[in-house]
Amino acid sequence: MGLYIETRVRTDLETLWERTQEPERHQRWDLRFTEISYLPRAEGEPQHFRYATRVLPFLVVAGTGVSAGERHRAGGERVSALRFASPNPLSLLAEGSGYWRYVPTADGVRFLTGYDYRPRWGLLGRAADRLAFRPLMGWATAWSFDRLRLWCERGITPERSRNRWLLEALARVLAVAVPWAACSLPLPLAFASLAAVPLTVLGIAAAVLVPPSSHAPAARRCLRVPPARTREPRLLATLEQP
């Protein structure tokens with residue numbers, strides 16, 4: 001698959017399953033979605049759903065998908081698979097597929113995902129995807145996984161961890177912006193401007209090197225490269241494109 005994200009969550013399998021499979025809980029921690037809702041289905045059929053993402057205050061991109069899960073597999077592992085598509089011409093993401101694996105460990109659950117998608121807009125879309133959108137999607141997935149981990153392990157709600165991350169991001173920006181602004185003072189204050197230069201360097205170093213708070217989500221805590229060759233679950237082949 002094109003993107004791979006993995007984290008270790010010290011919680012029980014049932015809690016993790018509920019917070020990732022129930023739409024009301026899923027949309028709270030996953031940065032990629034603003035809204036997820038299940039559509040009516042008949043007994044024994046895969047679950048169809050609708051998703052929406054608010055890209056800008058005035059722009060919402062929506063799509064549909066179909067998913068299925070297996071709760072009883074060898075070794076206690078669980079898996080869910082999905083296919084999704086967006087008919088909105090403003091959405092770079094045209095269609096795709098992916099899976100989640102839940103692998104029990106001695107101290108929790110190894111939670112991982114692999115997914116890929118086809119961008120639209122031709123050559124321009126493929127270039128935008130490779131240079132910006134795909135790295136952003138990888139970061140957003142990893143950040144969301146760590147946000148979920150904090151919720152399960154420490155009881156920090158997704159809303160609280162988001163706010164803490166925003167405050168930390170603001171502090172990092174100010175550590176660079178304030179000394180840099182001092183460097184731009186008028187000539188009569190040149191001495192102060194000169195003194196601000198090393199402070200700017202220190203601010204940049206702090207913003208980059210100081211590790212993230214243990215109470216705020218961070219994408220860097222997740223594994224972004226599969227440890228070995230991975231395969232899509234067979235369950236994915238049973239799903240038709242929505």
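How many of the 9 residues of helix 1 are buried? In this predicted model, the count is 7 of the 9, so helix 1, which spans residues 13–21, is largely enclosed by the rest of the structure. The buried residues are L13, T15, L16, W17, R19, T20 and Q21. Helix 1 makes a handy starting point, and the description returns to it below.

The overall layout comes next. The protein chain contains 5 helices and 7 strands. Followed along the sequence, these elements run in the order β-α-α-β-β-β-β-β-β-α-α-α. Of the 242 residues in the protein chain, 42% are buried.

Charged contacts offer a good way to see how the elements meet. In general, side chains of opposite charge can pair when their charged atoms come close. The model holds 18 salt bridges. One of them joins E14 to R78, with 2.9 Å between the closest N and O atoms. This pair links distant parts of the chain, since E14 belongs to helix 1 and R78 to strand 5 (residues 78–85), 64 residues apart. The two partners can be set side by side: E14 has 30% relative accessibility and therefore counts as partly exposed, whereas R78, at 8%, counts as buried. R78 also has an aromatic neighbour, for its charged end sits over the ring of W17, 5.2 Å from the ring centre. W17 is itself among the buried residues of helix 1, and thus both E14 and W17 of this helix are in contact with R78 through the salt bridge and the ring.

A second arginine can be read in a similar way. R101 forms a salt bridge with E77, and the closest N and O atoms are 3.1 Å apart. Here too the pair links distant parts of the chain: R101 is in strand 6 (residues 93–105), while E77 is in the loop between strand 4 (59–70) and strand 5, 24 residues apart. R101 is buried because its relative accessible area is 16%, and E77 is buried with 17%, both values falling under the 20% cut-off. Salt bridges that share partners also join R10, D107, D146, R149, E153 and R221 into one network. In addition to its salt bridge with E77, R101 has its charged end over the ring of Y99, 5.3 Å from the ring centre.

What salt bridge does R25 make? The partner is E22, and the N to O distance is 3.2 Å. R25 is partly exposed, with a relative accessible area of 31%, and E22 counts as partly exposed at 31% relative accessibility.

Aromatic rings form contacts of their own. A search of the whole structure gives 12 aromatic pairs. One of these is the edge-to-face pair of Y117 and F133, whose centres are 5.9 Å apart and whose planes meet at 85°. The pair links distant parts of the chain, with Y117 in strand 7 and F133 in helix 3, 16 residues apart. Y117 is buried, with a relative accessible area of 6%; F133, by contrast, counts as partly exposed at 24% relative accessibility. Elsewhere, W17, W29, W100, Y102, F111 and F145 form one aromatic cluster. W17 of this cluster is the ring that lies under the charged end of R78.

Strand 7 (108–119) and helix 3 (122–154) are joined by a loop that contains W121. What is the phi of W121, a residue that is not a glycine? The value is positive, about 75°. For context, most residues other than glycine have a negative phi. W121 is also partly exposed, with a relative accessible area of 44%.

Turning to the surface, V55, L56 and F58 make a nonpolar patch of about 330 Å². L56 is located in strand 3 (residues 47–56). With 38% relative accessibility, L56 counts as partly exposed.

The cysteines complete the description. How many disulfides does the model contain? The count comes to 0. C152 counts as buried at 13% relative accessibility, and C222 counts as buried at 8%.

Key
Residues are numbered from 1 along each chain as its sequence is written. This is a predicted model: local features need pLDDT of at least 70, side-chain atom pairs count only at pLDDT 80 or more; totals for chains, interfaces and linings use all residues. Side-chain values use heavy atoms; hydrogens and water are left out. Patches are made of residues with over 30% relative accessible area and no salt bridge: like charges are joined within 9 Å, nonpolar side chains (Val, Leu, Ile, Met, Phe, Trp, Tyr) within 5 Å. Accessible areas come from the Shrake-Rupley method with a 1.4 Å probe; for residues, only the protein chains shown count as cover. A salt bridge is a side-chain nitrogen of Lys or Arg within 4 Å of a carboxyl oxygen of Asp or Glu. Helices (H or I, at least four residues) and strands (E, at least two) are DSSP runs, numbered from the N terminus. Buried means under 20% relative accessible area, exposed over 50%, partly exposed in between (1.4 Å probe, protein chains only). Rings of Phe, Tyr and Trp (its six-membered ring) pair if their centres lie within 6.5 Å; planes under 30 degrees apart count as stacked, over 60 as edge-to-face and the rest as tilted. A charge sits over a ring if NZ of Lys or CZ of Arg is within 6 Å of the ring centre and within 35 degrees of the ring normal. A disulfide is a pair of cysteine sulfur atoms within 2.5 Å.
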